[in-house]
Structure formats: C-alpha cells, structure tokens
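Reader: I'd like a close look at one part of this model, the second largest pocket and what sits around it. Could you walk me through the residues there and then work outwards to the rest?

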Amino acid sequence: MDEGSAPKPVLEIVFGTLIMIVIIFVHGAGIRTINQRFSESWVHVNDTTAYWRLNLLLAITIGSLAALHFTETLLWAIPIFLAGLIPSMRDSYYYVLESYTTLGEGSISLPDRWRLVGPIIAMSGLFTFGWTGSVLVSIMTDFGKLDKVRAKDLRDRGPPEGTDPEL
C-alpha cells in the first residue's frame with residue numbers, strides 16, 4: 001500500500017479487533033494454565049512450608065504472567081510487521097509494547113491511515129493487565145491467609161525460651 005492512500009477506518013477497526021480477540025483468547029488460555037499450575041502447587045503448601053519455596057512459587061507465577069504478556073505483544077507485533085505497517089520487527093515490537101502498556105512515548109508510530117490500531121492495542125493491554133491484576137489479587141490473598149495462620153501459630157506457641165515476652 002502506498003503511503004498516500006486514504007484511511008479506511010472500518011478496515012483498521014476490523015484488523016485491530018480480530019487481533020485483539022486472538023490476544024484475549026490467548027490471555028484467557030494462558031491465565032487459566034498459570035492459575036491451574038499455581039493451584040496444583042498451592043495444595044501442597046502448609047504452615048511449615050519453607051519461605052524460600054513460597055517465594056519461588058510466587059516468582060515463577062509472576063514470571064509466567066510476564067512471559068504471557070510478552071507473548072501477547074509479540075502476537076500483535078508480527079501482523080503489524082508482516083503487513084508492512086512498521087518496516088522493522090524490532091520497531092514493530094517496540095511500538096506494540098509502548099501502546100499495549102499505554103506508555104505512549106510516540107517515538108515510533110503507525111502510518112496515518114492505520115493509526116486507529118494503536119488505541120485498540122492499548123485496549124487489549126488494559127483488558128489483559130486488568131485480568132492479570134485480578135489473578136495476582138487472588139494469589140496474594142492465599143499468601144495473606146497463610147501468613148495469618150503462621151502468625152497465629154507463632155502467637156499460640158508463645159515466645160521461644162530464654163526471650164523476653166515483652167519484646
């Protein structure tokens with residue numbers, strides 16, 4: 001397509017919406033898998049589970065969520081690059097990351113006739129980050145409940161021998 005062709009807003013919206021649907025589907029499948037793996041690990045956690053194991057579980061879960069978002073942004077960048085909207089794959093990926101996270105520095109942009117795609121990328125990021133946030137709240141609630149059980153157990157056992165109970 002030449003740079004001077006007229007904008008076709010319906011085409012822009014259809015292009016962006018189709019990719020956004022794919023992204024939402026991928027995110028749903030990924031979130032479900034990550035959540036299932038977390039739950040499968042969490043059932044083995046009890047009040048004596050070592051803190052390093054809990055921290056490792058949390059780090060793996062958060063790393064998996066980050067990898068999911070990087071995959072989704074790559075799935076946006078590929079069609080933008082292949083359609084020739086941004087000539088370099090690296091620049092295409094940078095543009096998508098910038099739009100998806102709503103950073104919006106604007107150093108790279110789509111051709112004018114495709115600029116409606118940028119806000120659609122941002123919408124997909126808002127949807128998926130919101131979804132990820134809700135999963136993290138659920139996970140951190142489980143950690144908080146475990147911390148309360150551990151604090152109660154510690155309180156019920158009393159202070160270790162030889163320590164001042166007032167401290």
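Author: Sure, let's start with the residues themselves. Lining the second largest pocket are Tyr95, Glu98, Ser99, Gly104, Gly106, Ile108, Ser109, Leu110, Arg115, Gly118 and Pro119. Two helices, α3 (89-100) and α4 (117-157), each give two or more residues to that lining. The largest share comes from α3, with three residues. Sorted by class, the lining of this pocket has four nonpolar, five polar and two charged residues. As for volume, the second largest pocket holds about 160 Å³ of space. Keep in mind that this is a predicted model, so every value here is computed from it.

One lining residue is worth a pause: Ile108. You'll find Ile108 in the loop between α3 and α4. Is Ile108 buried or exposed? Its relative accessible area is 18%, and the cut-off for buried is under 20%, so Ile108 counts as buried. If you want a partner to look for on screen, try Tyr94: the C-alpha atoms of Ile108 and Tyr94 are separated by 8.0 Å, with the two residues 14 apart along the chain.

Thr102 belongs to the loop between α3 and α4 as well. Its backbone is the thing to check, since phi of Thr102 is near 55 degrees, a positive value in a residue other than glycine. For background, most residues other than glycine have a negative phi. With a relative accessible area of 47%, Thr102 is partly exposed.

Now step back along the chain to the loop between α2 and α3, where Ile86 is found. At just 2% relative accessibility, Ile86 counts as buried. The C-alpha atoms of Ile86 and Val96 are separated by 10 Å, and those two residues are ten apart along the chain.

Ser88 is in the loop between α2 and α3 too. Here the relative accessible area is 25%, which makes Ser88 partly exposed. What does the side chain of Ser88 reach? That would be the backbone nitrogen of Arg90, at 3.2 Å. Looking the other way along the chain, the C-alpha atoms of Ser88 and Ala77 are separated by 9.9 Å, with the residues eleven apart in sequence.

Next come the helices. When two helices pack, the pair is described by the angle between their axes and the distance between the axes. For α2 and α4, the angle is about 170 degrees and the axes are 12 Å apart. Angles over 145 degrees count as roughly antiparallel, so α2 and α4 are roughly antiparallel to each other. By class, the contact of α2 with α4 has 16 nonpolar, five polar and two charged residues.

Leu56 is a handy marker in helix α2. With 43% relative accessibility, Leu56 counts as partly exposed. Its C-alpha atom and that of Ser138 are separated by 17 Å, although the two residues are 82 apart along the chain.

Helix α2 also takes us to the largest pocket, where it gives the most to the lining, with seven residues. The elements that give two or more residues to that lining are α1 (9-42) and α2 (51-82). In total, 15 residues line the largest pocket, and Arg37, Ser41, Leu57, Ile60 and Thr61 lie nearest its centre. The volume of the largest pocket is about 300 Å³, set against about 160 Å³ in the second largest pocket we began with. By class, the lining of the largest pocket has seven nonpolar, six polar and two charged residues.

To bring it back to your request, go to the second largest pocket and find the lining residues from α3 and α4. Then pick out Ile108, a buried residue, in the loop between those helices.

Terms used:
Residues are numbered from 1 along each chain as its sequence is written. This is a predicted model: local features need pLDDT of at least 70, side-chain atom pairs count only at pLDDT 80 or more; totals for chains, interfaces and linings use all residues. Side-chain values use heavy atoms; hydrogens and water are left out. On a 1 Å grid over the protein atoms alone, a cavity is a set of points where a 1.4 Å probe fits but cannot get out, and a pocket is an open set with protein on both sides within 12 Å along at least five of seven lines; lining residues have an atom within 4 Å of a point. Grid points are joined across faces, edges and corners, and a volume is the space filled by probe spheres set on the points. Helices (H or I, at least four residues) and strands (E, at least two) are DSSP runs, numbered from the N terminus. Ala, Val, Leu, Ile, Met, Phe, Trp, Tyr, Cys and Pro count as nonpolar, Asp, Glu, Lys and Arg as charged, and the others, Gly among them, as polar. Axes are lines fitted to C-alpha atoms, for helices over the stretch in contact, and angles run from 0 to 180 degrees between N-to-C directions. Angles under 35 degrees count as roughly parallel, over 145 as roughly antiparallel, 65 to 115 as roughly perpendicular and the rest as oblique. Buried means under 20% relative accessible area, exposed over 50%, partly exposed in between (1.4 Å probe, protein chains only). A polar contact is a pair of N or O atoms within 3.5 Å; within protein, one must be able to donate a hydrogen and the other to accept it, and residues adjacent in sequence count only if both atoms are side-chain atoms.
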